[in-house]
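Please open the model in your viewer, with side chains ready to be displayed on selection. The tour below moves through charged side chains and the places where they meet.

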Amino acid sequence: MPFDLSLQCECGRVRGTACDVSPTTGSRFVCYCTDCQAFARFLDRPDVLDSAGGTDIFQLPPGRVTLTAGADAVRCLCFSKRVLRWYTDCCRTPIGNTASSSRFPVVGLIHSFMDRPFMSDGADGPSRDEMLGPPRCRLYGRSAIGALPPTAPPPLSMRLYAGHAAKLLGWWARGLTRPNPFFDERSNVPLAAPLVLAQSERAAV
């Protein structure tokens, strides 16, 4: 049964809602890529990573995510031209990842923005595993900074990849790319100007 999940940064200034969340309405995975690790280090949030440097992410269409408060504190940076990484300026909470274009039908919410155990009505909610299901796969496992934890999911399979691609096409066909909470609805410009790190800054993280 899908839920409406309350989203919130650590200090509570930035809040939002993810609608119709369930193991079948999105895709949960753990990413060990170097950019995800650098993002956590840039924010000084090592707690976001597991023991091997993995980030727990849940992908869903942008049209099911709404920011209800604190949008003025939302910032983003980019390590590449294809991905924007969103966080809060108030308490440096990682929010998630989007494509650099508002037309791509995916928001990858990071667990740090979903870890408040409340439903959208303020009542106690189910655990992350109960709501999202366990992570289905891991990405970029070769970039892990240590031994993978015993709970690490298996590598991405062709079957899972094909299923996820079909899900993305379905989101696009149903118009769930809009509204995108991280882009201006009229101009398609990102909610905040992306911070582009200099090569020396990128190397430092």
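Which residues are linked with Glu10 in a network of salt bridges? Select Arg45 and Asp47 together with Glu10, since the network of salt bridges joins these residues. Keep in mind that this is a predicted model, in which a search of the whole structure finds seven salt bridges.

Select Arg13 and Asp72 next, whose side chains meet in a salt bridge at 2.6 Å, N to O. Arg13 sits in the loop between strand S1 (3–8) and strand S2 (15–21), while Asp72 sits in the loop between strand S5 (65–69) and strand S6 (74–78), so this contact ties together parts that are 59 residues apart in sequence. Arg13 counts as partly exposed, at 40% relative accessibility, whereas Asp72 is exposed, with a relative accessible area of 53%.

Now move to Arg28 and display Asp56 alongside, because the two side chains form a salt bridge with an N to O distance of 2.6 Å. Arg28 belongs to strand S3 (residues 27–31) and Asp56 to strand S4 (residues 55–60), so the pair ties together parts that are 28 residues apart in sequence. Asp56 counts as buried at 11% relative accessibility, and Arg28 counts as buried at 5%.

Keep Arg28 selected and add Asp129, with which Arg28 forms a salt bridge whose closest N and O atoms are 2.6 Å apart. This pair links distant parts of the chain, from Arg28 in strand S3 to Asp129 in helix H2 (residues 128–132), 101 residues apart. Asp129 counts as partly exposed, at 45% relative accessibility, whereas its partner Arg28 counts as buried.

Notes. Residues numbered from 1 in each chain as written. Predicted model: local features only at pLDDT ≥ 70, side-chain atom pairs only at ≥ 80, totals over all residues. Heavy atoms only, no water. Salt bridge = Lys/Arg side-chain N within 4 Å of Asp/Glu carboxyl O. Helix = DSSP H or I, 4+ residues; strand = E, 2+ residues; numbered from the N terminus. Buried < 20%, exposed > 50% of the residue type's maximum accessible area, 1.4 Å probe, protein only.
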